[in-house]
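User: I would like to learn how to read a structural model step by step, beginning with its charges and ending with single residues. Could you take me through the one shown here?

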Amino acid sequence: MMTRNHSSVSEFLLLGLSEHWEQEPLLFGIFLVIYLVTVVGNTLIILAIVSDPHLHSPMYFFLANLSLTDMCLSSTTVPRMLVNIQTQRHSIPYAGCLSQIYFFLWFIGLDVFLLAVMAYDRLVAICYPLHYTLVMSPRCCILLVTTSLFLAHSYALTHIILLSQLSFCMDNIILHFFCELLPMLKLSCSNTYANQCVLLYWGGALTVLIPLLIIVSYVRIVATIVRVPSASGKWKTFSTCGSHLSAVCLFYVSAIGVYFIPYAADSASRDRIASVMYAVVTPMLNPFIYSLRNKDMTSALRRFLNKILLQPPQS
């Protein structure tokens, strides 16, 4: 059973992205636009995949799940920040802070595992094309997504259970725009050794092991593509995984800034910028990456939008 927390802090104060209050209206406008683009873009990706039979394949099934995860990830942090700016109330209850951390870690973990699953899908499709339909069966695809959900839940729940055991004495100011794990650990007046160990092991798995598996997959993919005789065949084969590779690079380049440089000089500002990149900007850019670099996705989106816009109104 979980031990009751002995914290004397009932709420935390989120300082936001800037300590200059006069910049908040500008930040509100920017992040409102980013959030709306994220929701609309990822929703269009999901609806286009669901409505187009040509996209009912494992690759697009995983992409739909990634789009849903990105939308949920952005919804975990941005709406709360917009409300705080609009109401000029920057406090968040202790329970609300833990809930935000849990869902943030869950969706971040799910993002990472889905990116790994998509790399495996491309590996099988390019290196073992004759066995693709057998290996990536509907049952296998559902199992891979379910496993990703379970692992992400385990990742988030482990941190939340350990975090709930910590005490927070007097300092309740979080130098961030949402409740994030590292700033919370810095505020605690308890021994955080166990939390740091779990953060190291899980962080190593998500930021070292998973990228390593993705790199190994792409090494094998490139080795297979090199053996394709024609240049057009090589480009056509590689184009099926170019969008995924771009999304992986965008996510990890920004995420590594948080998990490997957390205690550098002016780390609070650096953490906030990096968090904006991988938790806010990346979910917004992914729909563009997967649609602009993918002809099938672009065609499906065009057909879906034409169907919606040109559909005659019902009498």
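User: How many positive and negative charges does the protein have, and how far apart are their mean positions?

Analyst: A simple way to read charge is to take the mean position of each sign and look at the separation between the two. In this model, which is predicted, there are 17 positive and 13 negative charges, and their mean positions lie 15 Å apart. As for the surface as a whole, the accessible area comes to about 16000 Å², with 70% of that belonging to carbon and sulfur atoms.

User: What secondary structure does the protein have, and in which pattern does it run along the sequence?

Analyst: It helps to count the elements before following their succession. Here the count is 10 helices and three strands, and the succession along the sequence reads β-α-α-β-α-α-α-β-α-α-α-α-α. The radius of gyration is 21 Å, close to the 20 Å that the globule rule gives for 315 residues, so the protein is as compact as a globular protein of that length. The C-alpha trace spans about 65 × 55 × 40 Å along its principal axes. Buried residues account for 50% of the 315 residues, and of the contacts with a separation of 6 or more, 79% are between residues 24 or more positions apart.

User: In what order do the strands lie in the sheet, and which of them stand at the edges?

Analyst: Strands of a sheet pair through backbone hydrogen bonds, and the pairing is either parallel or antiparallel. In this protein the three strands form an open sheet with the order β2-β1-β3 and mixed pairing. Because β2 and β3 stand at the edges, each with a single partner strand, one side of each is left without a neighbour in the sheet. Strand β1 (residues 11–14) pairs with β2 (residues 91–93) in the antiparallel sense over three bridges, whereas β1 and β3 (residues 173–174) pair in the parallel sense over two bridges.

User: Which residues stand opposite L13 in β2 and β3?

Analyst: In β2, the residue opposite L13 is S91, while in β3 the bridge partner of L13 is I173. On the β2 side one can also find E11, which stands opposite P93.

User: Which side chains of β1 are buried, and which are not?

Analyst: In a regular strand the side chains alternate between the two faces of the sheet. Strand β1 shows this alternation, with F12 and L14 pointing to one face, where they are buried, and E11 and L13 pointing to the other, where they are not.

User: What is the phi of Q88, and where is this residue found?

Analyst: Most residues other than glycine have a negative phi. Q88 has a phi near 60 degrees, a positive value in a residue other than glycine. Q88 is found in the loop between α2 (58–87) and β2, and with a relative accessibility of 49% it counts as partly exposed.

User: Is A247 buried or exposed, and which residues does it touch?

Analyst: Relative accessibility is read against a cut-off, with under 20% taken as buried. A247, which is found in helix α8 (residues 231–259), has a relative accessibility of 2% and therefore counts as buried. Leaving aside residues up to four places away in sequence, A247 touches N286, I289 and Y290. The C-alpha atoms of A247 and I45, which are 202 residues apart along the chain, are separated by 15 Å.

User: How does one read T192 and Y128, which are found in loops?

Analyst: The approach is to take location, then accessibility, then contacts. T192 is found in the loop between α6 (181–187) and α7 (193–226), is buried with a relative accessible area of 15%, and touches L166 and L185 when residues up to four places away in sequence are not counted. Y128 is found in the loop between α3 (94–127) and α4 (132–135), and its relative accessible area of 35% makes it partly exposed. Apart from its neighbours within four places in sequence, Y128 is in contact with L123 and R220.

User: What separates the C-alpha atoms of V39 and M284, in sequence and in space?

Analyst: Here one sets the distance along the chain beside the distance in space. V39 and M284 are 245 residues apart along the chain, while their C-alpha atoms are separated by 7.9 Å. V39 has its place in helix α1 (residues 24–51), where it counts as partly exposed at 24% relative accessibility.

Technical notes: Residues numbered from 1 in each chain as written. Predicted model: local features only at pLDDT ≥ 70, side-chain atom pairs only at ≥ 80, totals over all residues. Heavy atoms only, no water. Helix = DSSP H or I, 4+ residues; strand = E, 2+ residues; numbered from the N terminus. Rg over C-alpha atoms; globule rule 2.2 N^0.38 Å. Buried < 20%, exposed > 50% of the residue type's maximum accessible area, 1.4 Å probe, protein only. Contact = heavy atoms within 4.5 Å. Areas by Shrake-Rupley, 256 points an atom, 1.4 Å probe, with all protein chains shown as cover. Lys, Arg positive; Asp, Glu negative; His and termini not counted. Charge placed at Lys NZ, Arg CZ, Asp CG, Glu CD. Pairing = 2+ DSSP bridges.
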